[in-house]
Amino acid sequence: MGLTEYRKKRRFDVTSEPAGGKTPRGAKAKKLSYVIQKHRATALHYDFRLEWNGVLLSWAVPKGPSLDPSVKRMAMPTEDHPIEYAKFEGIIPEGQYGGGTVMIWDNGTWTPESPDVDAALKKGDLKFRLDGRKLHGSWVLVRIRAREGGRPPWLLIKHRDEFASQTDIAEAGPRSVVTKRILAEIARDEGGDIVKAATGDPPSLIKKLLKQPDLLAPPKRSRRKAVWHSNRAGS
Ligand code: MN
């Protein structure tokens with residue numbers, strides 16, 4: 001664990017993603033944060049990230065989370081990310097690692113329901129509660145057997161509780177929880193590939209916006225690193 005793999009994959013003189021502090025911040029915060037970033041890279045996926053031990057533990061969920069407890073969503077483990085990554089929304093330049101458009105699709109705090117998180121991660125069965133803008137209630141990440149030679153995938157599953165539902169949350173909540181933009185609007189504002197980004201937005205919504213372009217969010221001033229830098233300026 002740690003940020004070595006994360007940094008090795010990226011060129012911070014080219015991408016506006018954060019490099020992360022030299023020493024990971026200690027896990028002293030009372031509440032642990034989580035973020036889900038919708039990422040239209042080579043393929044669309046949702047990066048599910050839980051703050052733990054000063055980094056963001058990360059899984060790539062191709063179909064995104066489902067509120068239906070009978071639906072198991074594949075979650076491929078990826079490298080730990082720096083805590084500041086939770087604030088990143090914008091464009092990763094094409095040709096760079098993960099090139100494409102990134103949206104902060106959900107965020108909030110999480111609470112372990114497994115008594116010992118490190119042991120649960122090692123065992124591959126982490127139960128937790130999410131208190132976010134879109135996701136709530138009890139969930140589990142469970143590791144399953146790897147196919148020949150590969151990294152073992154995990155499954156992200158909603159537990160049965162009052163927040164379980166048949167609603168397709170990806171379809172019902174397609175916008176950034178920070179800027180309210182869809183992927184196409186983020187790409188437009190920040191110099192990304194709008195057509196590619198739009199393939200990650202719900203087709204019905206894109207159709208509606210093409211019919212009534214006045215429903216599009218007014219363009220933000222074109223500053224490629226807008227979200228990331230505006231956050232840094234305040235700190
Ligand atoms: Mn990603």
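Which residues have the most contacts inside the largest nonpolar core? Phe-48 and Trp-110 do, and that core has 35 residues. A caution before I go on: this is a predicted model.

Let me stay with Trp-110 for a moment. I leave aside its neighbours within four places in sequence. Trp-110 then touches Leu-32, Ser-33 and Tyr-34. It also contacts Leu-50, Glu-51 and Trp-52. Further along the chain, its partners are Val-117, Leu-126, Phe-128, Arg-129 and Leu-130. Apart from the core of 35 residues lies another one, of 11 residues. Val-35, Ala-86, Phe-88 and Ile-104 are among the members of that other core.

Next, the metal. The manganese ion has three residues listed as coordinating it: His-39 through ND1, His-45 through NE2 and Asp-47 through OD. The distances run from 2.1 to 2.3 Å. Along the chain, the donors follow the spacing H-x5-H-x1-D. Are His-45 and Asp-47 buried or exposed? His-45 has a relative accessible area of 15%, so it is buried. Asp-47 is at 6%, so it counts as buried too.

Now to a charged residue, Lys-38. It sits in strand S1, residues 32–40. Lys-38 is buried, yet it has no salt bridge. Where is the nearest side chain of opposite charge? That is Asp-201, 4.5 Å away. The cut-off for a salt bridge is 4 Å, so this pair is not counted. What does the side chain of Lys-38 reach instead? The backbone oxygen of Gly-200, at 2.8 Å. Again I set aside neighbours within four places in sequence. The contacts of Lys-38 then include His-45, which is also a manganese ligand. Leu-44 and Tyr-46 are on the list as well. So are Thr-101, Val-102, Met-103 and Trp-105. Pro-174, Leu-183, Gly-200, Asp-201 and Pro-202 complete it.

On to the charge pairs. Side chains of opposite charge can pair when their charged atoms come close. How many salt bridges are there? The count comes to 16. One of them joins Glu-17 to Arg-10, with the closest N and O atoms 3.2 Å apart. Glu-17 is at 4% relative accessibility, so it counts as buried. Arg-10 has a relative accessible area of 10% and is buried as well. Both belong to a network of salt bridges. Its other members are Glu-5, Lys-9, Glu-79 and Arg-151.

Last stop, helix H4, residues 183–190. Is this helix mostly covered or mostly open? Mostly covered: seven of its eight residues are buried. Those are Leu-183, Ala-184, Glu-185, Ile-186, Ala-187, Asp-189 and Glu-190. Leu-183 we have met already, as a contact of Lys-38.

Look at Asp-189 in this helix. Its relative accessibility is 2%, so it counts as buried. Asp-189 forms a salt bridge with Arg-181, at 3.0 Å from N to O. Both of these residues are buried. Asp-189 also meets Arg-188 in a salt bridge, at 2.9 Å. Arg-188 is partly exposed, with a relative accessible area of 25%. Just after H4 comes Gly-191, which takes a positive phi of about 75°.

To recap the charged groups: Lys-38 is buried with no salt bridge. Asp-189, by contrast, is in salt bridges with Arg-181 and with Arg-188.

Technical notes:
Residues numbered from 1 in each chain as written. Predicted model: local features only at pLDDT ≥ 70, side-chain atom pairs only at ≥ 80, totals over all residues. Heavy atoms only, no water. Donors = N, O, S within 2.8 Å, 3.2 Å for Na, K, Ca; no water. Buried < 20%, exposed > 50% of the residue type's maximum accessible area, 1.4 Å probe, protein only. Helix = DSSP H or I, 4+ residues; strand = E, 2+ residues; numbered from the N terminus. Lys, Arg positive; Asp, Glu negative; His and termini not counted. Polar contact = N/O pair within 3.5 Å; in protein donor to acceptor, adjacent residues only side chain to side chain. Contact = heavy atoms within 4.5 Å. Core = buried A, V, L, I, M, F, W, Y, C linked by side-chain atoms within 4.5 Å.
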